[in-house]
Amino acid sequence: MKKYILDLTVRSIVKVHERYVLIKLTDERPLPPMLPGQFVEVRVDGSPTTYLRRPISIHYVDDNANELWLLVAAVGDGTRQLACLQPGETLNCVLPLGNSFTMPTKAGERILLVGGGVGVAPLLYFGQQIRKQGAEPVFLLGARSAADLLQLDAFRAVGTVYVTTEDGSAGEKGFVTNHSILQCEHFDRISTCGPKPMMVAVAKCAKLLNIPCEASLENLMACGLGACLCCVEKTTEGNLCVCKEGPVFDTKKLMW
């Protein structure tokens, strides 16, 4: 896909959690086509310690409003600076980058989307596109506690949502791979994004259940174009750049 460098305008920014903000961006022209699972590299202005762009998953694309949504975890100097953006300011973005999740091949497919932490971000847009194709997205979202669950209303507007929390304050207690839905319901495919230990566990579970599985990796990235080699991942096809050959991989190809 063609890549663009755009100065996008912040339409709104909402604090959805003490550590997370939802940034909605727009432009005077129609936004370029973007696929679920792709990401953007954003330039962080005003941070003396942030020299490189930051990779942010595409959370959602609202074609009617001409908006791109980014769900940002404010955990470092760069992302904390992004969390301080104000409506009307601009954010320089390189987009869209990377590959995408595999779309449904037929109507009626049931696809389980498993996310944890900020890894839930790319699953919302993917779920919306699955629904658009006539298939059924089912979300399984995990967090430490009920207070750490993100964007539940947005996910529920797209598909069925199941939840696990480590402390049992919402949904079933435990990790996502402990949820009863994995044993009592049928899924044609699984897609996951989140902390690596969670994705490894989901991939192992999918293998035991003989269900195809994809994972969106969150390796450290700098250039987003496959030039700096800082995001390399070992695969059955050799060392591959996550930013260029991924971030979405068939888990059978990953050396986990």
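A residue is called buried when its relative accessible area is under 20%, exposed when that area is over 50%, and partly exposed in between (1.4 Å probe, protein chains only). The structure is a predicted model, in which local features need pLDDT of at least 70 and side-chain atom pairs count only at pLDDT 80 or more, while totals for chains, interfaces and linings use all residues. Residues are numbered from 1 along each chain as its sequence is written, and side-chain values use heavy atoms, with hydrogens and water left out.

The description begins with the sheets. Helices (H or I, at least four residues) and strands (E, at least two) are DSSP runs, numbered from the N terminus, and two strands pair if DSSP finds at least two bridges between them. One open sheet has 7 strands in the order β4-β3-β7-β1-β2-β6-β5, with antiparallel pairing. Strands β4 (54-57) and β5 (60-62) each have a single partner strand, so one side of each lacks a neighbour in the sheet. Within this sheet, 6 bridges join β1 (residues 4-17) to β7 (residues 90-97); Asp7, for instance, has Asn92 in β7 as its bridge partner.

A further open sheet of 7 strands follows the order β11-β10-β9-β8-β12-β13-β16, and its pairing is mixed. Its edge strands, β11 (172-173) and β16 (248-250), pair on one side only. Here β8 (residues 110-116) and β12 (residues 189-193) run parallel and are joined by 5 bridges.

Helix α2 touches strands of both sheets, where contact means heavy atoms within 4.5 Å. The angles quoted run from 0 to 180 degrees between N-to-C directions, and the axes are lines fitted to C-alpha atoms, for helices over the stretch in contact. Helix α2 lies across β4, β5 and β6 (67-73), at about 45° to β5; α2 also lies across β8, β9 (136-143) and β12, at about 170° to β8. Of the 12 residues in α2 (residues 121-132), 9 are buried, including Leu123, Tyr125 and Phe126.

Salt bridges complete the picture. A salt bridge is a side-chain nitrogen of Lys or Arg within 4 Å of a carboxyl oxygen of Asp or Glu, and the structure holds 11 of them. One joins Arg11 to Glu67, with the closest N and O atoms 3.2 Å apart. This pair links Arg11 in β1 with Glu67 in β6, 56 residues apart. Arg11 is partly exposed at 40% relative accessibility, whereas Glu67 is buried at 8%. Arg80 and Asp77 form another salt bridge (2.7 Å, N to O); both lie in helix α1 (residues 77-82), 3 residues apart. Arg80 is partly exposed, with a relative accessible area of 42%.
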